[in-house]
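Hi there,

Here is the structure I promised to pass on. Have it open while you read, and my notes on what turned up follow below.

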Amino acid sequence: MSSGLVDRHIAFLEALRSAGLPVSLAEDLDAVAALSALPWDSRPTVRAAYAATLVKKQSQRPTFDALFDVYFPRLVGEGARREVTDEAGDGPTPSGDGGDALAEFRERLAEALAAGDQERLAQLAVEMVGRFGAMPGRGPGLSSWSAYTALQRVAPSELVDRIVRALLADGRTEEEADRVAGRRVGAFTRQVEDDARRRIAEEKGPDHVADVAVKPSIDRLDFTSARRADLEEMRRQIYPLARRLATRLTQEHHARRRGPLDFRRTVRASISTGGVPLTTHHRPKRPHRNELVVLCDVSGSVANFAQFTLLLVFALRDQFQKVRAFTFIDHVHEVSHHFRPGADVADVMADLAASASHAALWGRTNYGRAFTTFLDKHGDALGPKTSLLVLGDARSNYSDLALDALVEIERNTRHAWWLNPEARRHWDTGDSVAGRYADVVPMVECRNLTQLGAFVTDRL
C-alpha cells in the first residue's frame, strides 16, 4: 500500500471501531494481507475483502457499508455524467431545479423504480442530490448538501401507487406489488442518503461524516434514539441474541451444578485406567433456579427500551423457574400473560404497546406511586428466590420518591438490579434521581443490545 492508502486504511478502521465494530489488530493485518493479494482497481473486490476480514455479524454490515462508501467513495463530485435526452430524442432534458425540471425528473425516477433498473437508479440518486439537495452559501460549519431537502422536494414515497400499478400490469399480486414497491423506494432513499454523505465527506473530510452522520451498528444503537426501521431490525436481532445467551447461561449453569467430589465413584472409575483418576465424579448438586420479577417504566421513549428488555427476558424464561412482569407510568399493570409460549413477536410488541395505556392514571411518570402500588398490590410476587429487575430512566417529574417502599421491595428479594437506558453522564440532571435510587438498588447503564446482552450474561 502507498502511504496515502495506509492512512486511509487506518482512518477507516478507526471509524469502524468508533461505530462499535470490534476490529482487532489481527483482523487489521488480515485485511492488509487480503488486499495485498487482490487488485485495487476493483472497488467491489476491495469492499468484499474488507468485509470478509472485518465484519463478524450481519447486523454490523449496514454500518460497515456506510463507512466504506465514505472512505472509499464510488465517485467524486458529479462523477462521469453523460448528457441525458428525453424519450422522444427531441433534445436535452430541462436543467436546473425548477418545476419543469422536477416534474421531468420524477417521471424518469418513476420509470426506473417501476422497472427496477438498479444502474439507472444509482445515477438518478447522484443527480437528485446534485440538483435538488444542493444548499450553497450556508454558514460556517454547515454542509452544502442535504439528503432531507432532496427527498422532501422529489418525494419518491409519493410514487409508490404508480409503481404498484406498473407491477400489477406485469402480473404481480397486489400484496407482492405493495411489498416490492415499498422495498424499491426504501432502497432508493438509502442511495440518496449515501450520496449526500459522500458529498459531505468530500467537502468536510470522511472523519467528520463518520463522527456525526453514520449511525453505530444496530447492536450499539441507543434504544431511545432508534427510528422505526431501527426498531424493526432490533426485533430481528433480539431472538438470535436470546438463543446465544440461553446457550451460554445453560453451559454456565451446568458448570456450576457440580457438587462435592464423590471419592468412591472417582476411585472406582480409575480402575479402568490403572488407578489414575482421569475423570472425577461429583455428587449431584441440588439445582436452584431463581424466579424473576421485572418492573418497568413504559413512558415516552423509555418504552422502546422496556419492550426490548421484556422480550429478551421472556425469550430466556426457560432459564428461570418463574417470570412475572409489570409495567407502570404512575399505575402498575401486570403484563406476564402477553408472553405466551410460541407467541408472535409482532403481536407481543403490539400487546405491550397497548398495555401502556393501562399503566397510567394521571399521565406522568411517578416512580414513588408505582413502587408503593406495587408493594401493596403485588408484594406476593417477591420472595427469597426472587431476582428483581427495574427498568427505567429514574426521572421522577419531581414527585415523591417513596424510597422507603423501594427499600422494602429490595429487602424482600434475593437480588435486585436497575437498568437505566440513559447515559451515565445524564444521571442526576434535571428531574433525574438516579443517584438516590442507586443507593438502594444497584443501577447499571443499559443503552443498547450489546449492553443488555452483557448484563444478562454477567448478572442473571
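Please keep in mind that this is a predicted model.

I began with helix α6. In this helix, R120, L121, A122, L124, A125, V126, E127, M128, V129, G130, R131 and F132 are buried. That is 12 of the 15 residues, so α6 is mostly covered, where buried means under 20% relative accessible area. What does the covering? Among the elements that cover the buried residues of α6 are α5 (99–115), α7 (147–154) and α9 (174–204).

The length of α6 also makes a neat check. The helix runs over residues 118–132, and at 1.5 Å a residue its 15 residues should span 21 Å. Its end C-alpha atoms are 20 Å apart, which agrees with that expectation. At the start of α6, look for D117: one of its side-chain oxygens comes to within 3.4 Å of the backbone nitrogen of E119.

Next come two helix pairs. A pair of packed helices is described by the angle between the two axes and the distance between them.

The first pair is α2 (residues 25–36) and α3 (residues 43–54). Their axes come within 9 Å and cross at roughly 150°. Angles over 145 degrees count as roughly antiparallel, and α2 and α3 are therefore roughly antiparallel to each other. The crossing of α2 past α3 is right-handed. If you want to see the contact on screen, show E27, D28, D30, A31, A34 and L35 from α2 together with V46, A49, Y50, T53 and L54 from α3.

The second pair brings back α5, this time with helix α8 (residues 160–169). The axes of α5 and α8 come within 9 Å and cross at roughly 40°. That angle makes α5 oblique to α8. On the α5 side the contact is made by E107, A110, E111, L113 and A114, and on the α8 side by R162, I163, A166 and L167. Here too, α5 passes α8 in a right-handed crossing.

Further along the chain, have a look at helix α15 (residues 367–378), where T373 sits. H378 belongs to α15 as well. Are these two residues buried or exposed? T373 is buried, with a relative accessible area of 14%, and H378 is buried at 15%. A polar atom of the T373 side chain lies 2.8 Å from the backbone oxygen of R369. Leaving out neighbours within four places in sequence, T373 is in contact with H331, V332 and H378. Counted in that way, H378 touches R324, F326, V332 and T373. V332 therefore appears in the contacts of T373 and also in those of H378.

Finally, two loop residues are worth a click for their backbone angles. A394 lies in the loop between β6 (386–391) and α16 (403–411). Its phi is near 60°, a positive value in a residue other than glycine. A394 is buried, with a relative accessible area of 0%. D428 is in the loop between β7 (415–420) and α17 (434–438), and the phi of D428 is near 65°, again positive in a residue other than glycine. How buried or exposed is D428? With a relative accessible area of 47%, D428 is partly exposed.

Happy to go through any of this with you on screen.

Best wishes

Methods:
Residues are numbered from 1 along each chain as its sequence is written. This is a predicted model: local features need pLDDT of at least 70, side-chain atom pairs count only at pLDDT 80 or more; totals for chains, interfaces and linings use all residues. Side-chain values use heavy atoms; hydrogens and water are left out. Helices (H or I, at least four residues) and strands (E, at least two) are DSSP runs, numbered from the N terminus. The expected span of a helix is 1.5 Å times one less than its number of residues. Buried means under 20% relative accessible area, exposed over 50%, partly exposed in between (1.4 Å probe, protein chains only). Contact means heavy atoms within 4.5 Å. A polar contact is a pair of N or O atoms within 3.5 Å; within protein, one must be able to donate a hydrogen and the other to accept it, and residues adjacent in sequence count only if both atoms are side-chain atoms. Axes are lines fitted to C-alpha atoms, for helices over the stretch in contact, and angles run from 0 to 180 degrees between N-to-C directions. Angles under 35 degrees count as roughly parallel, over 145 as roughly antiparallel, 65 to 115 as roughly perpendicular and the rest as oblique. A crossing is left-handed if the near helix is turned anticlockwise from the far one by less than a right angle, and right-handed if clockwise.
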